[in-house]
Structures are given as structure tokens and as C-alpha cells.
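Me: I've got this structure open and I'd like to understand the words people use for it. Can we go through it, label by label?

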Amino acid sequence: MQDPNEDTEWNDVLRAKGILPPKKEKEITEDDIIGMIENTIEEKQNGSKDLSKLDLDELDELEDSEDEAVLLEYRRKRMAEIQALAQKAKFGSVIEISGQDYVNEVTKAGSEIYVVLHLYSRGVPFCSLINQHLSQLAPLFPATKFVRAIATTCIPNYPERNLPTIFIYYEGQLKKQFVGPIELGGPNLTCEELEYMLGQAKAIESSITEDPRKARAVKDKMFAELSDANDW
């Protein structure tokens, strides 16, 4: 027996004459909705507008002309992404701590949180430079917790020759350390170079992918060669 819901010309004629009942609408499943969302997103990304780059107001404007259910679902996802980013971006400055704050502020900072800890001394100029750099970087990477402490308040009798020291923690575990002036690149370290180093250690999501210290080394070499030539 022929299926009355099948899409054929004969069934269309029988429906028009009232012999067959109207065709049942196919029930839309959750998989169908997900497929619609993915297809719409793909079409928009390949078209004139990229939905992933639209803000919430722009998505509101599109709801009038596009499939409302699809756009509402995508808008919900974008709001969830924005809220997740807002929750991560909860720092933005360098926090001064003492030894008694160490456990709560560093090793118990929370899940999925990187902590950059600078151990310093007020009598070391290079430490002051690192503090300046960290003060510039902290607002740029508010998802990372930047902390500083006078070294001897956290580690009694910590050798001054090891300063500055930077420890990088993730979920309470030490992931990377830079101990002393040599490992930190010397007193001419730039903020860009420190950003690169922290980015390579995964403490921040830096856009700097090539080591700026290499470019500086080339410039220093050229300057030295030029100076030698002038001495002649």
C-alpha cells in the first residue's frame, strides 16, 4: 500500500480532492534544531557577515529578517561566552601580598587560574623594573592573577642574588620559574619581552609569537660593530 504521507504527484491530487488527509508535518527534533543552527552559522560565516564577530545589539537587528529561533539560540550561546569571559576577567591589577597571604592568594587562587608571582626587594633596581612591567601587563590580561611580594616575607633568608624571581602557578601547581637577572634577560628587559616570556609559559594569551629578544640582540650586535668601526 502506498504511503499517504509520501511526496508524490498522485498523493497531491488525492489530497486536493479531499480523498487523502493533509500531509502530517514532520516533527522537528533537537538534532534538527542543532543542524539548523550549525548550517545558519556556517552560511553567515561564509557570507557577508560573520555572526561570531557580531555583538548582541547587531544580533538583535538580524532577528527581524532571519529565522528567529536560530538567531535566538545563537544569541544565547554568545551571551554565555561573554559571561564566561567576564567571569574570568576579574583581576586587572598587581596585588601586594605578604607571606601569610601566600596560600590563599597563590596556591588556592582557584580553578583554571594562572598566577604570576613576583618576589622582589626594594633595594634591587631590576625588581622595580619588573614591577613596572607587571603593572602595565595586568590590565591587559585580567584573567591572569598578578601578585607581588617582598621575597623574605614569603621565603625567609631568600638570597638577593636570586632576585628578581617570577613564579608561575596554575591551579596551585608551579608551572614555570624565572630565577635571577640572567633568566629574566637582564636589566634592559622590555615589557614586550616579558609579555612574550609569560605568553610562552601559558600564563597569558599574548599575541606576541616571536621572541623580541632576538631582534634586540641583532640591534645590539650591529651597534657594537658600528662602534668598533668608528673606533678605527
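Me: What kind of contact do the side chains of Glu-96 and Arg-148 meet in?

Reply: A salt bridge, with 2.5 Å from N to O. Keep in mind that this is a predicted model.

Me: What makes that a salt bridge?

Reply: Set the value against the cut-off. A side-chain nitrogen of Lys or Arg has to be within 4 Å of a carboxyl oxygen of Asp or Glu. Here an Arg and a Glu come to 2.5 Å, N to O, so the label fits. In general, side chains of opposite charge can pair when their charged atoms come close.

Me: Which parts of the chain does the pair Glu-96 and Arg-148 tie together?

Reply: Glu-96 sits in strand β1 and Arg-148 in strand β3, so the pair joins parts that are 52 residues apart in sequence.

Me: How many salt bridges does a search of the whole structure find?

Reply: Two. Besides the one you asked about, the side chains of Glu-105 and Lys-145 meet at 2.6 Å, N to O. That pair links distant parts of the chain too: Glu-105 is in helix α5 (residues 102-107) and Lys-145 is in strand β3, 40 residues apart.

Me: Why is Lys-145 called buried?

Reply: Buried means under 20% relative accessible area. Lys-145 has 7%, so it counts as buried.

Me: And why does Glu-105 count as partly exposed?

Reply: Partly exposed covers what lies between the 20% and 50% cut-offs. Glu-105 has a relative accessible area of 26%, so it falls in that band. Glu-96, at 38%, is partly exposed as well, and so is Arg-148, at 24%.

Me: How do you know that β2 is mostly covered?

Reply: By counting: six of its seven residues are buried. β4 is mostly covered too, with five of its six residues buried. For the chain, buried residues make up 31% of the 232 residues.

Me: What is the order of the strands in the sheet?

Reply: It goes β1-β3-β2-β4-β5, and this five-strand sheet is open. On average, neighbouring strands are turned by 25° against each other, direction ignored.

Me: Why are β1 and β5 said to stand at the edges?

Reply: Each has a single partner strand, so one side of β1 (94-96) and one side of β5 (173-179) are left without a neighbour in the sheet.

Me: What makes the pairing mixed?

Reply: Look at β2 (114-120). With β3, β2 pairs in the parallel sense over six bridges. With β4, β2 pairs in the antiparallel sense, also over six bridges. Strands of a sheet pair through backbone hydrogen bonds, either parallel or antiparallel. Both kinds turn up in this sheet, so "mixed" is the word.

Me: Which residues stand opposite each other around β2?

Reply: Val-115 stands opposite Lys-145 in β3. On the β4 side, His-118 stands opposite Ile-166, and Leu-119 has Thr-165 as its bridge partner.

Me: How do you know that β4 and β5 pair?

Reply: Strands need at least two bridges between them to count as paired. Six bridges join β4 (residues 165-170) to β5, so they pass, and they run antiparallel. Among the facing residues, Ile-168 stands opposite Lys-176 and Phe-167 opposite Gln-177. β4 and β5 also form a hairpin with two residues between them, and Glu-171 in the turn has a positive phi of about 50°.

Me: Where does helix α6 lie?

Reply: α6 (residues 125-140) lies across β1, β2, β3 (145-150) and β4, running at about 155° to β2. Together, β2, α6 and β3 make a right-handed β-α-β unit.

Me: Which residues touch the most other members of the largest nonpolar core?

Reply: Leu-117, Phe-146, Ile-166, Leu-194 and Leu-198, out of 39 residues in that core. β2, α6, β3, β4 and α9 (191-200) each give two or more residues to the core, and α6 gives the most, with six.

Me: What is Leu-198 in contact with?

Reply: Leaving aside neighbours within four places in sequence, its contacts include Val-116, Leu-134, Phe-146 and Ile-168.

Note on methods. Residues numbered from 1 in each chain as written. Predicted model: local features only at pLDDT ≥ 70, side-chain atom pairs only at ≥ 80, totals over all residues. Heavy atoms only, no water. Helix = DSSP H or I, 4+ residues; strand = E, 2+ residues; numbered from the N terminus. Axes fitted to C-alpha atoms, helices over the stretch in contact; angles between N-to-C directions. Contact = heavy atoms within 4.5 Å. Buried < 20%, exposed > 50% of the residue type's maximum accessible area, 1.4 Å probe, protein only. Core = buried A, V, L, I, M, F, W, Y, C linked by side-chain atoms within 4.5 Å. Right-handed = clockwise from strand over helix to strand, strands pointing away.
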